[in-house]
Amino acid sequence: MKFEHREIPEGINVTSVHPLRELAVLLSGAVVLIVAVVYILGLSAGFMAPYIPFEVEQKLAASFPVEEPESIEVDAYLQQVTGRVVEAMDLPEEVAITVHFLHGEKVSGDTVNAFATLGGHVVVFSGLLEKIPNENALAMLLAHEIAHVKHRDPIVSLTRGVTISSALGLLLGWSDLDLMGEAGVYTLLHFSRSMEQQADTEALHAVYKLYGHTQGASDLFEVINAWHQASGSGEGIELMQTHPLDQKRIKALKDLATANHWTEVGEITPLQQRFVDSLKGREGMLRFNR
């Protein structure tokens with residue numbers, strides 16, 4: 001056997017691709033893989049969440065502090081309107097709605113907001129209630145938040161948020177995740193734009209069933225839009241918002257009523273004067289169970 005010593009060609013162990021390009025390809029692939037895994041997990045969690053029994057959601061909500069109820073005129077009127085809205089929305093038998101009214105001393109008086117959270121809890125701030133011009137707009141507000149409960153949006157958002165955060169934590173090595181603390185839960189309870197649009201649709205239908213027309217429903221968003229303009233807070237960049245922009249929302253409601261041949265003009269129902277008079281300097285809670 002004869003051995004031959006050959007020269008090793010130059011650059012045999014050196015790739016022709018620039019190392020930074022290879023690094024970029026590897027990093028891009030890793031990012032795409034992580035995003036795909038997290039997206040699929042989040043999507044799966046959101047799909048499965050509505051099958052979680054409502055009583056489980058109520059038990060989760062029971063761990064958070066709730067104000068003691070206080071019997072005041074504003075609570076009684078909110079209960080009355082909430083009861084009629086609930087009947088119009090045909091909620092599942094097991095779903096119970098609890099409306100919390102926050103006012104003055106415990107929150108900033110100019111907080112113009114309302115939201116639905118776990119366990120059928122709906123929170124409305126006096127800063128928004130004081131600007132509501134009529135009962136039709138109040139019914140639209142309550143129906144919108146109750147629609148989120150009916151669609152199970154809070155548990156879907158929470159489950160999806162916890163899943164995504166946990167997956168990112170495991171994949172990226174994050175350890176400082178306050179997922180189930182009070183702040184963590186409220187951070188995760190952001191509804192998607194499609195959830196908001198579905199809630200608007202359900203709410204307008206409820207207003208139509210209650211009053212026989214849809215007039216006054218969009219007053220809710222006229223009020224919010226006026227507050228956005230007056231406060232200088234604006235609505236931000238549409239792409240970054242979960243809620244549709246106010247004017248688009250108002251137009252969507254009108255288009256929805258027209259498409260469904262719902263009567264758009266009718267008599268506006270005024271707010272109860274005792275409710276209006278009692279808004280200042282009061283706080284309380286009401287509970288309505290079907």
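Helices (H or I, at least four residues) and strands (E, at least two) are DSSP runs, numbered from the N terminus. By that rule the chain has eleven helices and four strands. The model is predicted: local features need pLDDT of at least 70, side-chain atom pairs count only at pLDDT 80 or more, and totals for chains, interfaces and linings use all residues. Residues are numbered from 1 along each chain as its sequence is written, and side-chain values use heavy atoms, with hydrogens and water left out.

**Exercise 1. Describe the chain as a whole by burial, exposed surface and contacts.**

Step 1. Set the burial classes: buried is under 20% relative accessible area, exposed is over 50%, and partly exposed lies in between (1.4 Å probe, protein chains only). Of the 290 residues in the chain, 42% are buried.

Step 2. Take the surface, using accessible areas from the Shrake-Rupley method with a 1.4 Å probe, where for residues only the protein chains shown count as cover. The chain exposes about 16500 Å², and carbon and sulfur atoms supply 58% of this area.

Step 3. Turn to contacts, meaning heavy atoms within 4.5 Å. Among contacts between residues at least 6 apart in sequence, 78% join residues at least 24 apart.

**Exercise 2. Compare the UniProt "transmembrane region" with the modelled backbone.**

Step 1. An unreviewed UniProt entry lists residues 23-49 under this name. UniProt positions are given in the numbering used here, feature names are shortened, and annotations may be inferred rather than shown by experiment.

Step 2. In the model, residues 23-49 are 96% helix and 0% strand. The C-alpha atoms at the two ends of this stretch are 39 Å apart.

**Exercise 3. Assign the two faces of helix α2 and find the packing partners.**

Step 1. Helix α2 covers residues 54-62, and its buried residues are F54, E57 and A61.

Step 2. Seen down the axis of α2, these buried residues fall within an arc of 55 degrees, so they line one face of the helix. The arc is that of the directions from the helix axis to the C-beta atoms.

Step 3. On the face turned away from the buried side, α2 carries the exposed residues E55, K59 and A62.

Step 4. The packing partners of the buried α2 residues are β2 (114-117), β3 (121-125), α5 (135-150) and α6 (153-172).

**Exercise 4. Examine three salt bridges by geometry, sequence separation and burial.**

Step 1. A salt bridge is a side-chain nitrogen of Lys or Arg within 4 Å of a carboxyl oxygen of Asp or Glu. The count comes to seven salt bridges.

Step 2. R152 and E57 form one of them, at 2.9 Å from N to O. This pair links distant parts of the chain, 95 residues apart: R152 is in the loop between α5 and α6, and E57 is in helix α2. R152 is buried at 10% relative accessible area, and E57 is buried at 1%.

Step 3. E196 and R249 form another, at 3.7 Å from N to O. E196 lies in helix α8 (residues 193-211) and R249 in helix α10 (residues 246-259), so the pair ties together parts 53 residues apart in sequence. Both residues count as buried, E196 at 2% relative accessibility and R249 at 6%.

Step 4. In the salt bridge of D255 with K251, the closest N and O atoms are 2.8 Å apart. The two residues are four apart in helix α10, and about one helical turn separates D255 from K251. D255 is partly exposed at 38% relative accessibility, whereas K251 is exposed at 53%.

Step 5. Salt bridges that share partners join E196, D200 and R249 into one network.
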